[in-house]
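Visitor: I am new to this structure and would like a close look at a single part of it. Could you take me through that part slowly, and show me what lies around it?

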Amino acid sequence: VQLQASGGGLVQAGGSLRLSCAASGRSVSRYAMGWFRQAPGKEREFVAAISSGGGVTNYADSLKDRFTISRDKDKNTVHLQMNSLKPEDTAVYYCAARRGGARSSSEYTYWGQGTLVTVSS
């Protein structure tokens, strides 16, 4: 399974960005997908996850009011819509894939290369 994240960039506080993660490989549609982020000098943290069928989502409590994860099964692509962005959202955002549920733990098998999101104040 290969994962390609895109959509990062520079945005002002209060703005929005939509990240995408294109997945390819055998049986990729059977994998749950997740987004994680790592800010400079901090540990990687869970952002959101979605089940293989798209019917179950899981969010970090602090982000669920501003971020939305979705899945385009036909295109094997997962999106992360981020609204009302804050400077503290600045981080490298990684997508990941795993068999099983849309977990918040970092026990994902496959990881993308990350896309940088910078939110200016």
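**A close look at Thr115 and the parts around it**

Guide: Let us begin with Thr115, which lies in strand 11, the run of residues 115-120, and keep in mind throughout that this is a predicted model. Thr115 has a relative accessible area of 9%, under the 20% cut-off, and therefore counts as buried. A polar atom of the side chain of Thr115 lies 3.0 Å from the backbone nitrogen of Gly8. Leaving aside the neighbours within four places in sequence, Thr115 is in contact with Ala5, Ser6, Gly7, Gly8, Leu19, Ala91, Val92 and Tyr93.

One of these contacts, Ala5, leads us on to a sheet, since Ala5 stands opposite Cys21 in strand 3. Strand 1 and strand 3, the latter made of residues 17-24, run antiparallel and are joined by 5 bridges. They belong to an open sheet of 4 strands, with antiparallel pairing and the order 1-3-8-7. Strand 1 (2-6) and strand 7 (67-72) are the edge strands, each pairing on one side only, and from one strand to the next the twist averages 15°.

At the edge formed by strand 7, the side chains alternate: Phe67, Ile69 and Arg71 are buried and point to one face, whereas Thr68, Ser70 and Asp72 point to the other and are not buried. Strand 7 is joined by 6 bridges to strand 8 (residues 77-82), and the two run antiparallel; Ser70, for instance, has His79 in strand 8 as its bridge partner. The hairpin of these two strands has 4 residues between the strands, and in this hairpin Asn76 takes a positive phi near 50°.

Returning to the part of the chain that precedes Thr115, we come to the aromatic rings, of which the structure holds 5 pairs. The rings of Phe36 and Trp111 have their planes at 55° and their centres 5.0 Å apart, so this pair is tilted. Because Phe36 lies in strand 4 (residues 32-38) and Trp111 in strand 10 (residues 110-111), the pair ties together parts that are 75 residues apart in sequence. Phe36 counts as buried at 2% relative accessibility, while Trp111, at 27%, counts as partly exposed. Trp111 also forms an edge-to-face pair with Tyr108, at 6.2 Å centre to centre and with 65° between the planes. Tyr108 is buried, with a relative accessible area of 6%, and Phe36, Phe46, Tyr108 and Trp111 form one aromatic cluster. Charged side chains meet these rings as well: Arg44 lies over the face of Trp111, at 4.0 Å from the ring centre, and the charged end of Arg98 sits over the ring of Tyr108, 5.6 Å from its centre.

Note on methods: Residues are numbered from 1 along each chain as its sequence is written. This is a predicted model: local features need pLDDT of at least 70, side-chain atom pairs count only at pLDDT 80 or more; totals for chains, interfaces and linings use all residues. Side-chain values use heavy atoms; hydrogens and water are left out. Two strands pair if DSSP finds at least two bridges between them. Axes are lines fitted to C-alpha atoms, for helices over the stretch in contact, and angles run from 0 to 180 degrees between N-to-C directions. Buried means under 20% relative accessible area, exposed over 50%, partly exposed in between (1.4 Å probe, protein chains only). A polar contact is a pair of N or O atoms within 3.5 Å; within protein, one must be able to donate a hydrogen and the other to accept it, and residues adjacent in sequence count only if both atoms are side-chain atoms. Contact means heavy atoms within 4.5 Å. Rings of Phe, Tyr and Trp (its six-membered ring) pair if their centres lie within 6.5 Å; planes under 30 degrees apart count as stacked, over 60 as edge-to-face and the rest as tilted. A charge sits over a ring if NZ of Lys or CZ of Arg is within 6 Å of the ring centre and within 35 degrees of the ring normal.
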